[in-house]
Amino acid sequence: NPDNYKLYFATSTMDVNYLGDDAIEAKVVLEKISRSAASRKIFVVDACHSGGIHNTMGDTSEAALMKNYEGVHFVSACDEDSTALFPKNKPEEPTFFTGAIVSRVRQGMDISKSFLSLREIVDDITIEFMGKNLPKPQQSSMLNADNMPFVKNVRARNMKIDINTEHCGKVVDSSCISNSNNGYTESKTVNDKKMNANVSIADWG
């Protein structure tokens, strides 16, 4: 709303002259999210001027912000002054932003992680969009909510490495380590760490 700079979500029957009656103020949606019992939440807005959601969230004090939106990852397709674009020659397709997310969910990313966070996906999209001069997505999160596994990475690099040493230094960023002595398998990060055990790393992503 240019009169009060409040962000609204449009409805199918909305009259721009009666935003207060026909549209849904973003603040109302944020209040619903803050009352959710879920410990981790993701809120994605693909709409023109959607970056205003981050400013709406910041209308409260820092202490209240941490309390109300703990564990929430907010993502918008663009900043508050930009529009969310779509392929004009293919109007039946989603916006560039939604299309880029769907593509990475379906096809994965060429990195050595078995699961992708939405932060990693959007960061990759941001790099792509900057090169194509498309609107830059915006992100904000509370208490590392953006690190939550979002989708399995179907393109995770598969490598098979056998290590038989008492000290494992810089090997990989993440791996599936099987401890034959104790008979269990668990996910560990062995970057810059030493391990006093014989381990076998196989099919890690």
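Trainee: Let's start with Asp-124: is that residue buried, partly exposed or exposed?
Mentor: Keep in mind that we're looking at a predicted model. Buried needs a relative accessible area under 20%, and exposed needs over 50%. Asp-124 comes out at 29%, so the label for it is partly exposed.

Trainee: Which side chain does Asp-124 meet in a salt bridge?
Mentor: Look for an N to O distance of 2.8 Å from the carboxylate of Asp-124. The partner's side chain is that of Arg-104.

Trainee: How many residues apart in sequence are the parts that this pair ties together?
Mentor: Start from the salt bridge between Asp-124 and Arg-104. Asp-124 sits in helix H6, residues 118-132, while Arg-104 belongs to helix H5, residues 96-107. The pair therefore ties together parts whose separation, in residues, is 20.

Trainee: Is Arg-104 buried or exposed?
Mentor: The cut-off for buried is under 20% relative accessible area. Arg-104 has 10%, so it counts as buried.

Trainee: Which residue besides Asp-124 meets Arg-104 in a salt bridge, at 2.6 Å?
Mentor: This one is again a link between side chains, N to O. The partner lies in helix H6 and Arg-104 in helix H5, so the pair ties together parts that are 24 residues apart in sequence. With a relative accessible area of 24%, the partner is partly exposed. The residue is Glu-128.

Trainee: Where in the chain do Glu-128 and Lys-132 both lie?
Mentor: These two form a salt bridge, with their closest N and O atoms 2.8 Å apart. They are four residues apart, about one turn of the helix. Lys-132 counts as exposed, at 53% relative accessibility. The element that holds both is helix H6.

Trainee: Which residues are linked in a network of salt bridges?
Mentor: Just join up the pairs: Arg-104 meets Asp-124, Arg-104 also meets Glu-128, and Glu-128 pairs with Lys-132. That chain of links gives a network made of Arg-104, Asp-124, Glu-128 and Lys-132.

Trainee: How many salt bridges are there by this rule?
Mentor: Among them are Asp-124 with Arg-104 and Glu-128 with Lys-132. The full count of salt bridges is five.

Trainee: Staying in helix H6, which backbone nitrogen does the side chain of Glu-120 reach?
Mentor: Glu-120 is part of helix H6. Leaving aside neighbours within four places in sequence, Glu-120 is in contact with Met-109, Lys-113 and Phe-115. Its side chain reaches a backbone nitrogen at 2.9 Å, that of Ser-117.

Trainee: Moving to helix H3, which side chain makes a polar contact with the side chain of His-54?
Mentor: His-54 is in helix H3, residues 52-57, and counts as buried at 15% relative accessibility. Its contacts beyond four places in sequence include Phe-74, Val-75 and Gln-138. The polar contact is at 2.8 Å, and the partner is Ser-140.

Trainee: What separates the C-alpha atoms of Thr-56 and Lys-27?
Mentor: Thr-56 also has its place in helix H3, and at 16% relative accessibility it is buried. Beyond four places in sequence, Thr-56 is in contact with Leu-7, Ala-26, Lys-27 and Leu-30. Thr-56 and Lys-27 are 29 residues apart along the chain, yet their C-alpha separation is 6.5 Å.

Trainee: What about voids: what volume does the largest cavity have?
Mentor: The count of cavities of 30 Å³ or more is one. The volume of the largest cavity is about 50 Å³.

Trainee: How many of the residues lining the largest cavity are charged?
Mentor: The lining consists of Asp-46, Ala-77, Ala-84, Leu-85, Phe-96, Phe-97, Phe-129 and Pro-135. Seven of the lining residues are nonpolar and none is polar. That leaves the charged ones, numbering one.

Trainee: Zooming out, what share of the contacts between residues at least 6 apart in sequence join residues at least 24 apart?
Mentor: The chain's secondary structure comes to six helices and eleven strands. Of its 205 residues, 34% are buried. The share of those contacts joining residues at least 24 apart is 68%.

How values were computed. Residues are numbered from 1 along each chain as its sequence is written. This is a predicted model: local features need pLDDT of at least 70, side-chain atom pairs count only at pLDDT 80 or more; totals for chains, interfaces and linings use all residues. Side-chain values use heavy atoms; hydrogens and water are left out. On a 1 Å grid over the protein atoms alone, a cavity is a set of points where a 1.4 Å probe fits but cannot get out, and a pocket is an open set with protein on both sides within 12 Å along at least five of seven lines; lining residues have an atom within 4 Å of a point. Grid points are joined across faces, edges and corners, and a volume is the space filled by probe spheres set on the points. Ala, Val, Leu, Ile, Met, Phe, Trp, Tyr, Cys and Pro count as nonpolar, Asp, Glu, Lys and Arg as charged, and the others, Gly among them, as polar. A salt bridge is a side-chain nitrogen of Lys or Arg within 4 Å of a carboxyl oxygen of Asp or Glu. Helices (H or I, at least four residues) and strands (E, at least two) are DSSP runs, numbered from the N terminus. Buried means under 20% relative accessible area, exposed over 50%, partly exposed in between (1.4 Å probe, protein chains only). A polar contact is a pair of N or O atoms within 3.5 Å; within protein, one must be able to donate a hydrogen and the other to accept it, and residues adjacent in sequence count only if both atoms are side-chain atoms. Contact means heavy atoms within 4.5 Å.
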